[in-house]
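Good morning, and thank you for making time for this. I should like to take you through one structure, and I ask you to keep it in view while I speak.

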Amino acid sequence: DIIKITNEDGVTVNITAYRLNEPSLKQAFETLSEQGMELTEFSDTRVGGTVEVNTPGNLVFSIAKEDGWHVFVDGEEVESKYFGEAFLAVPLSEGTHEILLTYETPGLLIGAGSSTVAIALFVVTIMISKWYQKKKEEVCAPLN
């Protein structure tokens, strides 16, 4: 195949070409499919399931690298890793494992606490302002 690219503006353009090796892709897909996780629960903040591991290695999830995920293997929280700097992964030994992933929005408690304090201060400020206005009206009211 011949591809001809022309640039009449004289601006340098970087072009990269890739070729997909389909037999290698098929082999990789088959290898990854051999030890897949069977889901038992799935929601926005929880993913759970079981996996039978024949060969120790990393279980790679199609969950993007993001703070807030906690991974539990057989009920114990484990340190997660990243596969290809993109996906969540966890090392597993041979055998059957129960996997649970939970997600907590980073900074949610601090944000909720800060918002609560700000609302409380706003309400107190309004109450003090009304109290001050009432006292001012009492002092400034003409005597009957």
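I shall speak about the sheet, the core, one helix, a salt bridge and two backbone angles.

Please bear in mind throughout that this is a predicted model.

Let me begin with the sheet. Five strands make up an open sheet, in the order β1-β2-β8-β4-β5, with antiparallel pairing. The edges are taken by β1 and β5, residues 76-78; each has a single partner strand, so one side of each has no neighbour in the sheet. From one strand to the next, the twist averages 25°. As a general reminder, the strands of a sheet pair through backbone hydrogen bonds, in either a parallel or an antiparallel manner.

Consider now the edge formed by β1. Its pairing with β2 is antiparallel and runs over four bridges, and a hairpin of three residues connects the two strands. Within this pair, Leu39 stands opposite Gly49 in β2. How many of the five residues of β1 are buried? The number is zero, so this strand, residues 38-42, lies largely in the open.

At the other edge, β4 and β5 run antiparallel and are joined by three bridges. Here Phe72 stands opposite Glu77 in β5.

I turn to the interior. The largest nonpolar core comprises 15 residues. Those with the most contacts inside it are Leu59, Phe61, Leu88, Val90, Leu92, Ile99 and Leu101. At least two residues of this core come from each of β2 (46-53), β3 (57-64), β4 (69-73), β7 (87-92) and β8 (95-103).

Ile99 deserves a closer look. Once neighbours within four places in sequence are set aside, its contacts are Met37, Val47, Gly48, Gly49, Val51, Leu59, Phe61, Phe72, Val73 and Leu92.

Thr102 is also found in strand β8. Is Thr102 buried or exposed? Its relative accessibility is 14%, and it therefore counts as buried, the limit being under 20%. With neighbours within four places again left out, Thr102 touches Thr45, Arg46, Gly68, Trp69, His70 and Phe72.

Arg46 brings us to the charged side chains. The count of salt bridges comes to one. Arg46 forms it with Glu41, and the closest N and O atoms are 2.9 Å apart. Arg46 is partly exposed, at a relative accessible area of 34%, and Glu41 is likewise partly exposed, at 32%.

Next, the helix. Helix α2 covers residues 108-140, which is 33 residues, and its first and last C-alpha atoms are 48 Å apart, close to the 48 Å expected at 1.5 Å a residue. Of these 33 residues the number buried is zero, so α2 lies largely in the open.

Finally, the backbone. Most residues other than glycine have a negative phi. Which residue in the loop between β4 and β5 has a positive phi? It is Asp74, with a phi of about 55°, although it is not a glycine. Asp74 is partly exposed, with a relative accessible area of 42%. Glu85, in the loop between β6 (81-83) and β7, has a positive phi near 55°. Its relative accessible area is 61%, and Glu85 is exposed.

That concludes the presentation, and I thank you for your attention.

Note on methods. Residues are numbered from 1 along each chain as its sequence is written. This is a predicted model: local features need pLDDT of at least 70, side-chain atom pairs count only at pLDDT 80 or more; totals for chains, interfaces and linings use all residues. Side-chain values use heavy atoms; hydrogens and water are left out. A nonpolar core is a set of buried Ala, Val, Leu, Ile, Met, Phe, Trp, Tyr and Cys residues joined through side-chain atoms within 4.5 Å. Buried means under 20% relative accessible area, exposed over 50%, partly exposed in between (1.4 Å probe, protein chains only). Contact means heavy atoms within 4.5 Å. Two strands pair if DSSP finds at least two bridges between them. Axes are lines fitted to C-alpha atoms, for helices over the stretch in contact, and angles run from 0 to 180 degrees between N-to-C directions. The expected span of a helix is 1.5 Å times one less than its number of residues. A salt bridge is a side-chain nitrogen of Lys or Arg within 4 Å of a carboxyl oxygen of Asp or Glu.
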